[in-house]
Amino acid sequence: MIAFSLINSKKFMSQLLLSDTFDSFSFIEGEIVTFNTFRIDGFIQKNFFDTGAELPEYSPWKNLRGYCLSLIKGKLTPLSFRFVFSLSRKNITRLVSQSTPALDPDAVQGLYLNLSFDGSRLSCVTGTSFKTFTMDKTLEHAWDETAERFLKQKGIEFEKS
């Protein structure tokens, strides 16, 4: 787990809400506090759909980004928000095969980016969750390095906290 303080709030918010920068991530959950508190569960309710198509467990960010934008945009800054993203299942499998090939990708619950705004400061904290206990930190370190590279590649300015 590593923590980043995100420096350029305006640019980051533009990338988060107006571009496809985070679109491939799964949206696990979020909370936006403006004139009310809005909580969003990213878990897909498969019974809602009439299709027999295979659906992922969680919605991709691209499906919720516009809704979150509509809650945040305006003249007033939100009091706070937090979003939990996970690397997509396909990308978890890819990272596991590159970093820890002996690990079964299905043993990984998620590789997370926890984004939060407390009214004045934006931060991002990585997280790793397994379905079973392991002492091996190889994947956790690989995810931390991948997350840092991702932020750099996207031009997101940060300081390690």
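## Helix α1 and what it packs against

A residue is called buried when its relative accessible area is under 20%, and exposed when that area is over 50%. With that in hand, let us start at helix α1 of this predicted model. The helix spans residues 9–18, and its buried residues are F12, M13, Q15, L16 and L17.

Those buried residues have plenty of partners to look at: they pack against β1 (3–6), α2 (61–72), β4, β5 and β6. Two of the α1 residues, F12 and L16, will come back below, as they are among the residues with the most contacts inside the largest nonpolar core.

## Strands β4, β5 and β6

Strand β5 is a good place to go next. Covering residues 108–117, the strand has seven of its ten residues buried, so the rest of the structure largely encloses it. On one side, β5 pairs with β4 (residues 80–86) in the antiparallel sense, over six bridges. In this pairing, R82 stands opposite S116 of β5.

The other partner is β6 (residues 122–130), which runs antiparallel to β5 and is joined to it by nine bridges. Here Y112 faces G127 of β6 as its opposite residue. Between β5 and β6 lie four residues, making the two strands a hairpin, and G119 in the turn has a positive phi of about 105 degrees.

## Helix α3: two sides

Which residues of helix α3 (residues 89–99) are buried? They are N91, I92, L95 and V96. Viewed down the axis of α3, these buried residues fall within an arc of 140 degrees, so they line one face of the helix. On the other side, K90 and Q98 are exposed.

The buried residues of α3 pack against β4, β5 and α4 (138–153). Strands β4 and β5 are thus worth viewing from this helix as well as from α1, whose buried residues also pack against them.

## The nonpolar core

The largest nonpolar core holds 40 residues, and those with the most contacts inside it are F12, L16, F22, W61, F81, F83 and F85. Helix α4 supplies the largest share of this core, with six residues.

F83 is a helpful residue to centre on. Beyond its neighbours within four places in sequence, F83 is in contact with L16, F27, E29, G30, I32, W61, C68, I72, L113, N114 and L115.

## Aromatic pairs and a cluster

The structure holds 18 aromatic pairs. One of them joins F48 and F49 in an edge-to-face arrangement, 5.3 Å centre to centre with 90 degrees between the planes. F48 is exposed, at 67% relative accessibility, and F49 is partly exposed, at 38%.

Another pair is made by F81 and F117, whose ring centres are 5.6 Å apart and whose planes lie at 25 degrees, so the pair is stacked. Since F81 lies in strand β4 and F117 in strand β5, the pair ties together parts that are 36 residues apart in sequence. Both partners are buried: F81 has a relative accessible area of 4%, and F117 has one of 11%.

F81 and F117 also belong to one aromatic cluster, together with F12, F22, F25, F27, W61, F83, F85 and F150.

## Two buried cysteines, no disulfide

How many disulfides does the model contain? The count comes to zero. C68 is in no disulfide, as the nearest cysteine sulfur, that of C124, is 16 Å away. Seen from C124, the closest cysteine sulfur is the one in C68, and 16 Å is too far for a bond, given that a disulfide needs the sulfur atoms within 2.5 Å.

Are these cysteines buried or exposed? C68 is buried, with a relative accessible area of 0%, and C124 is buried too, at 1%. C68 has already appeared above, among the contacts of F83.

## A buried serine in a loop

To finish, look at the loop between β3 (37–41) and α2, where S59 has its place. S59 is buried, with a relative accessible area of 14%.

Setting aside neighbours within four places in sequence, S59 is in contact with F25, S26, F27, G42, I44 and L64. Of these contacts, F25 and F27 are members of the aromatic cluster described above.

Terms used. Residues are numbered from 1 along each chain as its sequence is written. This is a predicted model: local features need pLDDT of at least 70, side-chain atom pairs count only at pLDDT 80 or more; totals for chains, interfaces and linings use all residues. Side-chain values use heavy atoms; hydrogens and water are left out. Buried means under 20% relative accessible area, exposed over 50%, partly exposed in between (1.4 Å probe, protein chains only). Two strands pair if DSSP finds at least two bridges between them. The arc is that of the directions from the helix axis to the C-beta atoms. Contact means heavy atoms within 4.5 Å. A nonpolar core is a set of buried Ala, Val, Leu, Ile, Met, Phe, Trp, Tyr and Cys residues joined through side-chain atoms within 4.5 Å. Rings of Phe, Tyr and Trp (its six-membered ring) pair if their centres lie within 6.5 Å; planes under 30 degrees apart count as stacked, over 60 as edge-to-face and the rest as tilted.
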